[in-house]
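Trainee: I should like to learn how to read a protein structure step by step. May we begin with the whole chain and then turn to its parts?

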Amino acid sequence: MGIRKHLALCAAIVEWDKVHDQNDELSSYALNQLAQNLENLIYRDLNETSYFICHDDEKPYIYDAPTEEDLGKVAADWQFVDGYLKQQHNQLEETLTRFETQLIRYERKERVNPVQPYYQFLRNFSDNAQKLLVCAQVVAQLDRSPLQQFCMRFLTLWLRVAPCKTSRMLAYFFSDPKENKTLASANFVKQLHGLTPLTALAYQIEAILDDIGWDDDEAELLAPFFKQWIVEQDSDNDQQSIQAALQYILPRREQQFYIALRKAHPDLTISYFDETVHYLMMAKVRRQIYSNHTSPQAMENNEAQALQQFSEILLSTTPLTVGQVDTILTLCDQYRVRDFDTLYGMAELETLYYLASPHRQDTIMRIFAARPHLGLDLLYNENVITLPVFCQKVQDSGANIDELLSYSLDRGWEESYPWFANKPDINHYIAKLQVEELLSLFKALARHPEFQPLIDSYASHSSRHVRDLVADIQAGKYHKADISKVEVVHYGIFVEGATEEELEEIKQEQEESDCHLFYKLEHRKETLLIENELGRSFGLQLGYFPDDEDEEELAQELELTIKLHHPYMHSEDGYLSEWTTSISLGHRTYVGWTMSHRTLNICGIYRFEIHDPSGLLVADKTFHVMDNKRSHISELTHLLEDETLDVAHLGSLNITSGELDLVQHNQSTNGLLLGNKLLTPVTQVYSHLRQGALEMVDIRLNQTQPDSWYPAANQVFPYLESRIKSKILLLGEPNTIDAVQRDAKSWRKKVTKKEAVHLIQPNENNASNVLALYLARKGMRVYFGYSTTGELCRIAIVNIKFGLLRRLFIRVMNRISKKVIQDVGIYQPL
């Protein structure tokens, strides 16, 4: 065990004994170890991570040897800092200046927060500093320790130099995770005497933002800070403590704060979005200029003027002229600005763009339209705008169609290709494409019969590859209706069909292999509904059969690419598994999934997509893998059998895109999006009431009666259930829910306990609507009902009051799903 880990363990013992008022031989040993070693270790780490010479250890290698003058200043600064630590004087501010100046920074690592450098002592991928800081905090609270004042002053220095990061490191040890977030952060900062009121406020805000879960009411948790921010807007700048505190936290968290503030108070005028968009673009140019200098002070006058000119054009409130756009592009070329991507941890241009003012959006759009590779894809948000409309907007902002077409092909924006193909002078733009780009364009357009004449016109193209592709398209190779001789023979559940001798052979081979082996398989049941069971296999049996007239023209063996979209699996690094298999002409092959291990035994939606060598989809099937433990549907069964409930038809819920999301009315999406698309755009809604109070809602996809019910699952949640603290749940398409949330004033007070179910249509010109439910018990669980053929026909949402253990389970699952979505992104419904 390393000495730092040993001391951290001693600190934990001392803290435990202090909390529980114990004092024994182990306590004395731990205190003695801290007293003997802590000061020496602190000096050793400072010697390694600063320019101070404060320990006998040899200094790490540095590129530039210090001069005698440098060494003299370092020695003088250390003497002053050491004097403060040893209580020889109390000049804190002067000590801070000398201390911070001599700390080694990661100069090559770009800081995401302009007021917070990367100090090597607090490096991200080492816990040495955290151990020492925890030890110092424990000793600083012990009146009987000779190192109390030394540790208290050491902590004060770091809490003033890097307040939020130091506090986060300490909070992992001292803050109680079971305590209310707001109270926990407020109580913890009281223990940190080195924090100023402003930095204490900054840490409280960041701690709450960092720990907000899917089931938390973001607006409620941040309400006190929102209220204070609004009050401070009418005060002098010197008294705007919330705004000043936000400068200390991670920029991504500051962005989260302001987005939540705007959502909670949409009528507020918030300058943050425009200012931050301006800052992010300026920061990129500034970094490129600084990369040529040893320090920002070395920047030449013409470079400072270029920065000023760039800033003034970005701040323009009128549409940019062609000359202004050319000036921006010239500066980008001069200082080698290739794109405007932001660093991890910084605010995101792609998030803030649609929240900025219209004139700021127009300015950025005109710059990126003139040169798409600067980051035009940052401005496209599929939840806000479609690709054809986006491309039209880019063209209206001055884009060259040929450059835009080339950029779209590079980004794979296939939905935009028909928009380009409908341009009257499309042939002029096609003539400027590279051969590879032209091939990609034609392969995509081949799926649209209306563009066949355009493709035919290139049958005599100078490139043989283009001519061959046109001939293949004309032969129907890339048209989905005529493509392949691969067909689905059987689908559903498969079982091993081996004899006892063959099974024994499999068993012996299994012991030598990590894979689940089959000797042969037999089709047992044709169904799309699969009950979760360890060892169960499901999938498709494919056949590759020729017609009499084309047998000689077909390949004797076909290589197929199998893409399986499935629930998130850590072992598979996400939502998708991909492999290849081959099938011989006139034969069959099995493509499937076996839940051979608990890490592969996960409820949710599984979709097989089989692609031929050209990449075209030739077959697909979507399976629902559901939990077969009947104990989980007892509350639903009780309600379905209760004849005292009042059942009423409310109307239809229209879901044109097939995507059904479940969102608390005052929150953004929380990961409860159904993993499968609904095939029925119009569903019928029935309420089940007991004495006027909502018990459950039954969404009927068709008139088929369900043969079996299961707890619903999606790609990240094994059970679609959640605590609804606001008591109001919204169901509908994500975009329609967003529209309803933006106009909450028009319907919010209508959804009450007495009128618990409402259908809300935000746009009278669009049939899509949203179902709003008042859940008095603050809990809901979703169930799927399936017909005898395994077809999904019902969705039930039950109003439930969760017990403490279930609430803990839900909370844990929310944290896990949040981490999954942050790491690999949200899944797409299948």
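Trainee: How many helices and strands does the chain have?

Mentor: Please keep in mind that this is a predicted model. The chain has 28 helices and 20 strands. Its C-alpha atoms fill a box of roughly 100 × 70 × 65 Å along the principal axes.

Trainee: What percentage of the residues count as buried?

Mentor: A residue counts as buried when its relative accessible area is under 20%. Of the 830 residues in this chain, 49% meet that description. The accessible surface comes to about 41300 Å², and carbon and sulfur atoms account for 48% of that surface.

Trainee: How many positive and negative side chains are there?

Mentor: There are 82 positive and 117 negative side chains, and the centres of these two sets lie 7 Å apart.

Trainee: What describes two packed helices?

Mentor: In general, one gives the angle between their axes and the distance between the axes. Here, the axes of helix α1 (residues 3-19) and helix α5 (residues 128-140) come within 9 Å and cross at roughly 30°. The crossing of α1 past α5 is left-handed. Among the residues that meet there are L7, A8 and A11 of α1, and C135 and V138 of α5.

Trainee: Which residues of helix α19 are buried, and against which helices do they pack?

Mentor: In α19 (residues 401-411), the buried residues are I401, D402, L404, L405, Y407, S408 and L409. They pack against α18, α20, α21 and α22. Just after α19, G412 takes a positive phi of about 70°.

Notes. Residues numbered from 1 in each chain as written. Predicted model: local features only at pLDDT ≥ 70, side-chain atom pairs only at ≥ 80, totals over all residues. Heavy atoms only, no water. Helix = DSSP H or I, 4+ residues; strand = E, 2+ residues; numbered from the N terminus. Buried < 20%, exposed > 50% of the residue type's maximum accessible area, 1.4 Å probe, protein only. Areas by Shrake-Rupley, 256 points an atom, 1.4 Å probe, with all protein chains shown as cover. Lys, Arg positive; Asp, Glu negative; His and termini not counted. Charge placed at Lys NZ, Arg CZ, Asp CG, Glu CD. Axes fitted to C-alpha atoms, helices over the stretch in contact; angles between N-to-C directions. Left-handed = near helix turned anticlockwise from the far one by under 90°. Contact = heavy atoms within 4.5 Å.
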